[in-house]
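Here are some notes on the model you sent, set out as numbered points. They deal with enclosed space and then with aromatic contacts.

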Amino acid sequence: MNDFNHMENKELTIYDLLANGKYIIPFYQRNYAWGEAEVNQLLQDIWDSSKEEEGTYYLGTLVVSKTPNEQYEIVDGQQRHTTLSIIHAVLQQKTKEPQKKIKCNLFFAARTENEKLLCAMYEGKDSVSIQNLGGSSSFLTAMQTVKQFLEKKGEKQLPQFCDTFYNQVGIFRVLLPEGTDLNHYFEIMNNRGEQLEKHEILKAKMMESMEDEDKRRLFAKIWDACSNMNSYVQMNFRSSDRVVLFGENLREIPGLEKLKTIVLENDSVDNEEATMKYILEEHALPTDFIQENEQEIKEKYRSIIDFPNFLLQVRKIQKADDSISLDDKKLLDNFGYPADLPDAFEFIQLLLNYRILFDKYVIKRAVDHEDWNWKIQEIERSKEKNIITYKNTISNDEERHKLIMQQAMFQVTFSGNNYKNWLFEYLKTLKHRGEIEGTVLLATMKSLMKANVPTNIEEVLGLGLGTPRFLFNYTDYLLWELYYDNVRGEGEKDNINQEKHQSLLEKIAKVKEKFNSFRFVQRSSVEHLFPQSRLHELKGEAKQVTMDCFGNLCLISRSSNSTFSNHLPYQKKVDSAKWKRNESLKQLIMFQCFDTEWNTEEIETHQKEIKELLTQNNINSDG
């Protein structure tokens, strides 16, 4: 069946893509250039999606233009289409399913040797015969990569992979409107260096659902402003719109009426223009930002999440559904794409609201610092001097420092976007508020910390390398808090902590300078202070239990762990004193627990002290 006349912007399974229509790679396209890494990544993504229970996994977009003889000329996405064709050619040799025996539908306006090479793969010819045909060596590399990948997975896994590849993996085929200036399009795509991503597909579909042109334009403006996560959202609107939207000081949350004022007559898009064309041509942020002192302000900090994850955070809040995943591979599914999308205008208002709150109350990392310099700041505009500056969101120093350390602790523990459930819970409590007291935010974070502490603490403290990374970072935070409340300066002391944790406080006081300079950084290596390779030198009967207990462990970087090697604890203590590294407060305390010998007695004493610290704070974390 010829579906060309019915073609719109359309989702296709890989089988539909490869079995129907005729696709041409025009002469102006570059040669096939994917190597082993890119092909393996595509295969792994498909393999991972096969483990999901339901839903289509979308690979991205294939942008095509209409030709007079009913063919699809590939404007963008030829690397992916070529790779999918090669994967199919290999599978076609391995599977006996008749319906998968389809002819090659990818052709080349130039480089006819590549076309012959691909057809030979479809015909099942061996590697030597294919190699003798000439053409791009990347084709042969891709074919070998596919074969090796499938061989590693084994024949038993092949049926499931085939079913996923042909039926559960999709691609979004975008038809450029007639008359599109392809030179202008290529200029845009070359500047981007990539295809449309899932969030851009989502943007296009949501805009198409809006009949009112002004609302569509407003939607696009807000979406684009929110999409630049490394700049405060106010700075992503035109300077002429900022004061109108966010007030003289740029700190207000705009209501609907204010939002409508930024849709100006000279920004209109002709109604007859297709939405997808508008997306392709207007997706970039405005370029009139660099005014006043904006060059110094923009992108000074780095966001802890990217835009797709922020979209999912807001969607999860909006729907109040725990089944919403923070995995950006499932972005379209989580938004009910394509038929069950949320109301676009309601969502875009919610998106802006939470983006303002995110910028204001969530940590960012300064880009011009070598150390991990975390900040919670907001921007404000001085009406008198007409400049934009940063100010601390929380004015109380103690509240601000603790909030920064708590969020940084969560960030380095759950660095992957998929695991930012703590951020979801935190943002959810902000709701539609304006100014929020630091005490309220601290209570929220304390509750989140308590929720992440295992209830079976006795058992968890003996898991060795399997100890949750959160427990190490939480211990470092609690030690830092002891320092901050009881050792730093000459302020009021916490009498309860002074009494319960006197021994820990004495050790902290010996190295308080290092506590003062401590920052949470990315660490991934569990270190046995008494090395596992010298287990036979450990005293006591339950050597392995003592070796793997929390009292003998700390979390440091891989490079530090490698440097320590299998040295005995005293040598590690001597070496550490020479370094500027300051990765683990728990390790610092462990070094203060002994002069020359770290063995069973010292390990058990340290474990008891840390367990008491964890237990007390887990009980009192709401207080």
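1. Which residues line the largest cavity? In this predicted model, the lining consists of Lys514, Ser560, Phe564, Ser576, Trp579, Arg581, Asn582, Glu583, Ser584, Gln587 and Leu588. By class, three of these lining residues are nonpolar, five are polar and three are charged, and helix 27 (558–564) and helix 29 (585–592) each contribute at least two residues to the lining.

2. As for volume, the largest cavity holds about 90 Å³ of space, and the structure has four cavities of 30 Å³ or more.

3. Two of the residues lining that cavity, Trp579 and Arg581, also meet in a cation–ring arrangement, in which the charged end of Arg581 sits over the ring of Trp579 at 4.4 Å from its centre. A further case is Lys573, whose charged end sits over the ring of Phe594, 5.0 Å from the centre of that ring.

4. The count of aromatic pairs comes to 30. One of them joins Tyr58 and Tyr337 edge-to-face, with 5.8 Å from centre to centre and 90 degrees between the planes. Because Tyr58 belongs to strand 3 (residues 57–66) and Tyr337 to the loop between helix 16 (331–334) and helix 17 (344–361), this pair ties together parts that are 279 residues apart in sequence.

5. Are the two partners of that pair buried or exposed? Tyr58 has a relative accessibility of 9% and therefore counts as buried, and Tyr337, at 7%, counts as buried too.

6. Elsewhere in the list of aromatic contacts, Tyr15, Trp47, Phe149, Phe161, Phe165 and Tyr166 form one aromatic cluster.

Note on methods
Residues numbered from 1 in each chain as written. Predicted model: local features only at pLDDT ≥ 70, side-chain atom pairs only at ≥ 80, totals over all residues. Heavy atoms only, no water. 1 Å grid on protein atoms, 1.4 Å probe; cavity = no way out; pocket = protein on both sides within 12 Å on 5 of 7 lines; lining within 4 Å. Points joined across faces, edges and corners; volume = space filled by probe spheres on them. Helix = DSSP H or I, 4+ residues; strand = E, 2+ residues; numbered from the N terminus. Nonpolar A, V, L, I, M, F, W, Y, C, P; charged D, E, K, R; others polar. Phe/Tyr/Trp six-rings, centres within 6.5 Å; stacked < 30°, edge-to-face > 60°. Buried < 20%, exposed > 50% of the residue type's maximum accessible area, 1.4 Å probe, protein only. Lys NZ or Arg CZ within 6 Å of the ring centre and 35° of its normal.
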